[in-house]
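Reader: I have a model open and would like to go through it slowly with you. Could we start with how the contacts are counted?

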There are 2 protein chains.
Amino acid sequence: MITSFTEENYLKSIYHLSPDEGTAVNTNAIAESLNTKAASVTDMLKKLADKEFINYIKYQGVTLTPLGRERALNIIRKHRLWEVFLVEKLNFKWDEVHDLAEELEHIHSDLLINRLDEFLEFPKTDPHGDPIPDKNGKFNVPELIPISRLKNETLGIISGVREHSPLFLKYLEKTGLVLGQEITIKEQIEFDGSFIISIKENDIMISREVAKNLLIAI
Amino acid sequence: MITSFTEENYLKSIYHLSPDEGTAVNTNAIAESLNTKAASVTDMLKKLADKEFINYIKYQGVTLTPLGRERALNIIRKHRLWEVFLVEKLNFKWDEVHDLAEELEHIHSDLLINRLDEFLEFPKTDPHGDPIPDKNGKFNVPELIPISRLKNETLGIISGVREHSPLFLKYLEKTGLVLGQEITIKEQIEFDGSFIISIKENDIMISREVAKNLLIAI
DNA sequence: TTATATTTTTAGATTAATCTAAAAATTATT
DNA sequence: AATAATTTTTAGATTAATCTAAAAATATAA
């Protein structure tokens, strides 16, 4: 079954908005995430339901069918592999690749993406630490915890982000908070929830907002 | 000025159908090359004229404006660079890359394509021997001559094709008629216009149809 | 549990790209 | 030059994706 760019973006959005497989996603959430209107979403949901990519009950929100989930993961796989390509081979920065990957992810060829996967030597994560599904849609979700939930003196490695905006990523880069960097939580400031962490022998302060969006493997 | 996939395909088609810059391309030719109907072409020509990509006079066919030509060359540049990437980095065969490049050429990013160009070490030609315009749209047209126009005992190097169909390319590959291969024209058979050429010490026969579509640098 | 607020859907338009069928213009032929 | 053939354009529909405004359903609160 062929899917249009638009349909693929809806599937991806529904996938990303599902905390777990069973929980329904509502119309307004999809509309917001795709910068469109609820009425447009309703129209598209009917279409995706006809194509058996989603389970849709009027007024009750939607879940992905196995077919829809497979398709969504395929698009996410493509997105993340293209991001790796852009960063590792074409020297893009991690804050520059998202929009390009949004276009590249819609190139329809499993052969292409599997060859790209091989060319990149089967990376497990993209430049932001997000896992890359393999050709069967399988991937392990690494146990990552935001700094905001860690106790003092915890030692860990920066392994992902919850926020992908270029502004945030540029800030992290400038501050040395890059993937793979070892850090230690030193102290939480009660007043505003900010944190003091140590990185390469230096203590630095990060806001609660940053701490919430920076993921650590311990 | 943003262009849609469709508009880009029209610009490319008009470019490819122009033997030289001044000569007008007619509606039916465009329709045939894009597998669409003349009425659809007329609609699109009006749109492209409004956007100042083409000079369009009713019933008189079209030519590209400098802006349209620039845009067409940019798309062709992308197409050919992606083909090089697919063949050199992802191990695709020269007969497998066209359709994929047709999709990839519409990714909108000059930065991406310039980085790709650099990554591929600024190739001058694509896997079929067609020249790749540089970032300013400049390229040299190599002096290539079809075998059918060469005299006996001419020695030359296979450097391009006039026909890009997978069937033809597969046949060439199988027969050893690949880019860079040195050949000598031995004899033309008057009866059917076929040729005997020598390649790697062997004499082989090729039909007139093949001879017309295989380009040689002498 | 009735009234209010929110969410979602429907109804009806709009835009881009396409189509068929018919009309108009151009080109070729007697 | 008049007629026939071909090419191109117009007129009017269609489809996918979108929108606004209004109606319907669901959720929340007095």
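Author: Certainly: a polar contact here is a pair of N or O atoms within 3.5 Å. Please keep in mind that this is a predicted model.

Reader: With that in mind, which side-chain or backbone atoms sit at a phosphate oxygen of DNA strand D?

Author: In chain A, an N or O atom in the side chain of A:Ser4 is 2.7 Å from a phosphate oxygen of DNA strand D, while for A:Lys37 a polar backbone atom lies 3.1 Å from a phosphate oxygen of that strand. From chain B, the side chain of B:Lys46 places an N or O atom 2.6 Å from a phosphate oxygen of DNA strand D.

Reader: And which elements give two or more residues to the surface near DNA strand D?

Author: Chain A provides helix H1 (5-17) and helix H3 (38-50), and chain B provides helix H2 (27-33) and helix H3 (38-50). The largest share, 5 residues, comes from H3(A).

Reader: How many residues surround DNA strand D overall, and which are the closest?

Author: There are 22 residues around DNA strand D, and the closest are A:Thr36, A:Ser40, A:Lys47, B:Tyr56 and B:Lys58. Of the strand's atoms that come within 4 Å of the protein, sugar and phosphate account for 77%. By residue class, this surface divides into 8 nonpolar, 9 polar and 5 charged.

Reader: Changing topic, is A:Lys174 buried or exposed?

Author: A:Lys174, which is found in helix H7 (residues 166-175) of chain A, counts as exposed because its relative accessible area is 72%, and the cut-off for exposed is over 50%.

Reader: And how far is its C-alpha atom from that of A:Ile57?

Author: The C-alpha atoms of A:Lys174 and A:Ile57 are separated by 47 Å, with the two residues 117 apart along the chain.

Technical notes: Residues are numbered from 1 along each chain as its sequence is written. Chains are lettered from A and ligands numbered from 1 in the order in which they are written. This is a predicted model: local features need pLDDT of at least 70, side-chain atom pairs count only at pLDDT 80 or more; totals for chains, interfaces and linings use all residues. Side-chain values use heavy atoms; hydrogens and water are left out. A residue is near a molecule or strand if one of its heavy atoms lies within 4 Å of it. A polar contact is a pair of N or O atoms within 3.5 Å; within protein, one must be able to donate a hydrogen and the other to accept it, and residues adjacent in sequence count only if both atoms are side-chain atoms. Helices (H or I, at least four residues) and strands (E, at least two) are DSSP runs, numbered from the N terminus. Ala, Val, Leu, Ile, Met, Phe, Trp, Tyr, Cys and Pro count as nonpolar, Asp, Glu, Lys and Arg as charged, and the others, Gly among them, as polar. Buried means under 20% relative accessible area, exposed over 50%, partly exposed in between (1.4 Å probe, protein chains only).
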